[in-house]
Amino acid sequence: MQQKLNLYNTLTRKKEVFEPLHAPFVGMYVCGPTVYGEPHLGHARSAVTFDTLYRYLKHLDYKVRYVRNITDVGHLVNDADEGEDKIQKKALLEQLEPMEVVQHYTNIYHQDMAMLNMLSPDIEPRASGHIIEQIEMIQEILDNGLAYIVNGSVYFDVPAYHKEYNYGKLSGRVIEDLLGNSRTLEGQEEKRSPLDFALWKKAAPSHIMRWPSPWSDGFPGWHLECSAMSRKYLGTTFDIHGGGLDLMFPHHECEIAQSQASHSHSDSARYWVHNNMITVNGQKMGKSLGNFINLRELFNGNHELLTDKYSPMTIRFFILQAHYRSTLDFSNEALQAARKGYMKLMNGLRVLDKLQYPEETAATPDEKLNEELLKLTQDCFRGMNDDLNTAKTIASLFNLLKKINSLYLGQLALDTLSRGTFDTIRSTYRELVQEVLGLKEEPTGDVEHMLDLVLGFYKEAKETKAYDKVDAIRAELKKQGIVIKDLKTGVDWAYEE
């Protein structure tokens, strides 16, 4: 039976069957990083979530245009409409040009994403490269009477917009409650309502990053870039908009408002998908709490909260083992468990490489076994189709792996499988682990050659009954995370799980 992908749509607050607007084409926009610091675990969670969705959509034979932006202007400190630009602040601190800061941290972001085996987006636009498009969108919103100009700055009129549309429909916020709980902050007296937000800000004399516009020399508001760039590359209505849960309000709420106000159209994105946050030992991750961990620190183990270094694939597995909409709690114990789980999946790939279907067999097919194994393969995809539940998929892969190991060890007769069942097991496991989950064996030198040599010495020691050498070889390999397996067919090795 053909399974269909279901995604939880934040806009409707329910799981929906994914039906692209113009199948087989899919347009997906994801909010990328503001590049003023090194990527951290939170960046990795969002990137892994939408990389996996991108991979799975491609696996389902959709032709995907994946757009992920780089924010390099307009994101002010505290995400407010006043204060310094985050990138300009960093540039002044380090005595660099702002675009030097942007390029430096963009390069690091790309390097770290490559280490995590992310596929590159099809288009990666920068906010500073789309000032013209943002100015055009502001003018459209002004022409539609849903923005106003004050002293060279342009603000979005939330109450006016709300009369015609519904500000708060994505986040579930009620505008009356927002107004009741808001207060006028210093420097925001220009706004008619405390809920209004900047579309264009007139630059102060000290502000380095500025562009000419019909209203002033200044810079665009943070929310505007995504509305303008998603429309440019995906059209006024597209399929999926993704990002972290922390962006749902106000960023994504404002995106919806801007897009509707500019072209009087329906919602820009049909499916809004949000990944949840990272916590550290039960606490929200944040610089002020001292529990903020960059990816480089995870990779090299150089952080006071870490007892070990963790490879990129361990980090990727750690993120995948939880459903993307659930909170993911970081701890050393959780990462050590993730390392074992990742190694177990890699061992499965090695075993599959060794399994060969017999060219000739006289055995009678075991129909019950064939049905059981085919059901296990379907379970693997059932998890992916249930709102991209990678945790379920990994659990199903482990169940399938038990059977694969039983076939390898001769506990189940390989020749009682049909060729079709054998091929389905192999393709399902490989495709999901490598192509969809994006997990790969990490290079550790010419391991195979070295281990063949060691296993040769091990076999020689056993044959000569030099058991002290046998024990020594076993012990040394165990320190390296390798276990020796004595099989009926000979000697083999596996990663320690």
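Lys and Arg count as positive and Asp and Glu as negative, while His and the chain ends are not counted. With that settled, the tour can begin with the whole chain. Keep in mind throughout that this is a predicted model.

**Stop 1: the whole chain**

Select everything and colour by charge. The chain carries 56 positive and 69 negative side chains. The centres of these two sets lie 4 Å apart.

Now show the C-alpha trace alone. Along its principal axes the trace spans about 90 × 50 × 35 Å. Switch to a cartoon view, and the chain resolves into 16 helices and 15 strands.

Turn on the surface next. The chain exposes about 22900 Å², and carbon and sulfur atoms supply 49% of that area. Of the 497 residues in the chain, 52% are buried. Among contacts in the chain with a separation of 6 or more, 74% are between residues 24 or more positions apart.

**Stop 2: a parallel sheet**

Hide the surface and select residues 63-68, which are strand 4, and residues 269-275, which are strand 10. Both belong to an open sheet of four strands in the order 4-3-9-10, with parallel pairing. Strand 4 and strand 10 are at the edges; each has a single partner strand, so one side of each is left without a neighbour in the sheet. From one strand to the next, the twist averages 20°.

Add residues 25-30, which are strand 3. Is this strand mostly buried or exposed? Five of its six residues are buried, so strand 3 is largely enclosed by the rest of the structure. Strand 3 pairs with strand 4 in the parallel sense over six bridges. To see one pair, pick Met 28, whose bridge partner in strand 4 is Tyr 66.

On the other side of the order is strand 9, residues 238-244. Six bridges join strand 9 to strand 10, and the two run parallel. Which residue of strand 10 is the bridge partner of His 241? Select Trp 272 to find that partner.

With those two strands still shown, add helix 8, residues 248-263. Helix 8 packs on the sheet and touches both strand 9 and strand 10. The direction of helix 8 makes about 160° with that of strand 9.

**Stop 3: two cis peptide bonds**

Stay on helix 8 and select Pro 250, which is placed in this helix. A cis peptide bond joins Phe 249 and Pro 250, with omega of about 5°.

For the other one, go back along the chain to Pro 24, in the loop between strand 2 (14-17) and strand 3. Here a cis peptide bond joins Ala 23 and Pro 24, and omega is about 10°.

**Stop 4: a loop before strand 9**

Select Thr 236. This residue lies in the loop between helix 7 (224-234) and strand 9. Thr 236 counts as partly exposed because its relative accessibility is 31%, and partly exposed covers the range between under 20% (buried) and over 50% (exposed).

Now add Ala 269 and display the distance between the two C-alpha atoms. Thr 236 and Ala 269 are 33 residues apart along the chain, and their C-alpha atoms are separated by 8.4 Å.

**Stop 5: an antiparallel sheet**

Clear the view and show strands 5, 6, 7 and 8. They form an open sheet in the order 5-6-7-8, with antiparallel pairing. Strand 5 and strand 8 (218-220) are the edge strands, and each pairs on one side only. The twist averages 20° from one strand to the next.

Select strand 7, residues 197-202. Strand 7 pairs with strand 8 in the antiparallel sense over three bridges. Where strand 8 is concerned, Trp 200 stands opposite Pro 220.

**Stop 6: two residues with positive phi**

Select Asn 151, in the loop between strand 5 (147-150) and strand 6 (153-156). Asn 151 has a positive phi of about 55°, although it is not a glycine. Is Asn 151 buried or exposed? Its relative accessibility is 58%, so Asn 151 counts as exposed.

Finish at Arg 13, in the loop between strand 1 (6-9) and strand 2. Arg 13 is not a glycine either, yet it has a positive phi of about 60°. With a relative accessible area of 40%, Arg 13 is partly exposed.

Technical notes:
Residues are numbered from 1 along each chain as its sequence is written. This is a predicted model: local features need pLDDT of at least 70, side-chain atom pairs count only at pLDDT 80 or more; totals for chains, interfaces and linings use all residues. Side-chain values use heavy atoms; hydrogens and water are left out. Two strands pair if DSSP finds at least two bridges between them. Axes are lines fitted to C-alpha atoms, for helices over the stretch in contact, and angles run from 0 to 180 degrees between N-to-C directions. Contact means heavy atoms within 4.5 Å. Buried means under 20% relative accessible area, exposed over 50%, partly exposed in between (1.4 Å probe, protein chains only). Accessible areas come from the Shrake-Rupley method with a 1.4 Å probe; for residues, only the protein chains shown count as cover. The place of a charge is taken as NZ of Lys, CZ of Arg, CG of Asp or CD of Glu.
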